Structure formats: structure tokens, C-alpha cells
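Please examine the sequence and the structure shown below before reading on. The report then describes how the protein is built and how its parts meet.

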Amino acid sequence: MQQLNRQELRQKLVSCSLKATHQRIVVYEALLGLHGHHPAAEEVYRLLKPANPSISLGTVYKILDVFAENGLVRRVFSEQGCKRYDANTMAHSHIYCSNTREIIDFEDPELEELLQGFFQRRNMQNFEMHSFAIQLTGNKKEPDQQVSITKL
Ligand SMILES: [Zn+2]
């Protein structure tokens, strides 16, 4: 994900109908900086606190929820039910490792296409689908190694 400067961050917030306050800008910046990491509010707070001593954990929670409600970020749920946040709002799925608690992005156009086709063939009534995502849960066999996916 590209690095945005403060002005671009401000514009991004405004384009989601959000007032670009300083605290919202630094929270969004932190989230983009943690891209691929899917942080919990506490992690964002710990990262911001030294340079922003006036920010509280409650404020970070509130800002992240406002972001999620306005489509600027996505909520991702871990197996423990704890909320994590993702600045990548493009369609993608996740791999959740129970042992390391990592949430790894899983972007696979073939899977997206397959699911799209699947739902098109289902006559779903009284539900307008905006997006879908699958979350794989399991354990890394070697916690120190990266998960690798190769197409056979
Ligand atoms: Zn993600």
C-alpha cells in the first residue's frame, strides 16, 4: 500500500465524509503503516501514545469504529472474537493463525471469481450483498516461518 502524506490522508478522510481531525489523521496513518498486520485498537494506541500523549485508548476505539462505519477501514474478527482493523478495503480474504494470532492477507482472484459465481447461482432472497470474505483459521506448522501459497 502506498505511503500517503498528511494532505492525502486528510483528503481520504474527507472523501469518506469524515471530518479530518488531527487525531483521526494520526490513527489512519498508523493503520496504513501497520498494513498487512491487522492491528487491534490497543496496538494502534501503543504506537501513537509516545508522540500523541493526549490520545486515549477510548478515542482510538471510537475513531476506528467511525472509520469502519464509513468504509475507510474493515473490521476483521479473530478467533478470540477480538476486533482487528484492516486499512485494505479491497476484496480479499484472510488466514488466521491461532498459535501466532497473525492475520495474513489472502488475495486470490480465482477464489473471488469462484465465490462470485457461487452466489450468482444461489437465489438469495431479501439480502443485498455488499461484499464477502472467507477467513481460514488454523495453525502455522512452523510458527517462525511465513505461510506460503503456491498454485498447483
Ligand atoms: Zn487484510
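The text that follows treats the overall fold, the contact between the domains, and a few individual residues.

**Basis of the description**

The structure is a predicted model, in which local features need pLDDT of at least 70 and side-chain atom pairs count only at pLDDT 80 or more, while totals for chains, interfaces and linings use all residues. Residues are numbered from 1 along each chain as its sequence is written, and side-chain values use heavy atoms, with hydrogens and water left out.

**Overall fold**

The secondary structure comprises five helices and five strands. Helices (H or I, at least four residues) and strands (E, at least two) are DSSP runs, numbered from the N terminus. Read from the N terminus, the order of the elements is α-α-α-α-β-β-β-β-α-β. Along the principal axes, the C-alpha atoms fill a box of roughly 50 × 40 × 30 Å. Of the 152 residues in the protein, 35% are buried; here, buried means under 20% relative accessible area, exposed means over 50%, and partly exposed lies in between (1.4 Å probe, protein chains only). Contact means heavy atoms within 4.5 Å. Among contacts between residues at least 6 apart in sequence, 44% join residues at least 24 apart.

**The two domains and their contact**

The protein is divided into two domains, with bounds that come from an automatic or database domain assignment.

| Domain | Residues | Residues in the contact |
|---|---|---|
| Domain 1 | 1-88 | 12 residues |
| Domain 2 | 90-141 | 15 residues |

The C-alpha centres of domain 1 and domain 2 lie 22 Å apart. The size of an interface is often given as the accessible area lost when the parts come together. Buried area is accordingly the accessible area (1.4 Å probe) that two parts lose on being put together, summed over both. Domain 1 and domain 2 bury about 1100 Å² between them, and 38% of this area is on carbon and sulfur atoms. Arg74, Glu79 and Asn88 supply 45% of the area that domain 1 buries against domain 2, more than any other three residues.

Between the domains there are 10 residue pairs in polar contact (both at pLDDT 80 or more). A polar contact is a pair of N or O atoms within 3.5 Å; within protein, one must be able to donate a hydrogen and the other to accept it, and residues adjacent in sequence count only if both atoms are side-chain atoms. On the side of domain 1 that touches domain 2, β1 (74-77) and β2 (83-86) each supply at least two residues. The largest share of that side, three residues, comes from β1.

**Individual residues**

Where does Ser98 lie? Ser98 is found in the loop between β3 (93-97) and β4 (103-106). Its relative accessible area is 22%, so Ser98 is partly exposed. Leaving aside neighbours within four places in sequence, Ser98 is in contact with Glu79, Gly138 and Asn139. Although Ser98 and Asn139 are 41 residues apart along the chain, their C-alpha atoms are separated by 5.3 Å.

Lys140 lies in the segment after β5 (135-138). Lys140 counts as buried because its relative accessibility is 9%. A polar atom of the Lys140 side chain lies 3.5 Å from the backbone oxygen of Pro143. Not counting residues up to four places away in sequence, Lys140 touches several residues, including Cys97, Ile104 and Val147.

At the N-terminal end of helix α1 (residues 6-15), Asn5 acts as a cap, with a side-chain oxygen 3.0 Å from the backbone nitrogen of Gln7. Just after α1, Ser17 takes a positive phi of about 60°.
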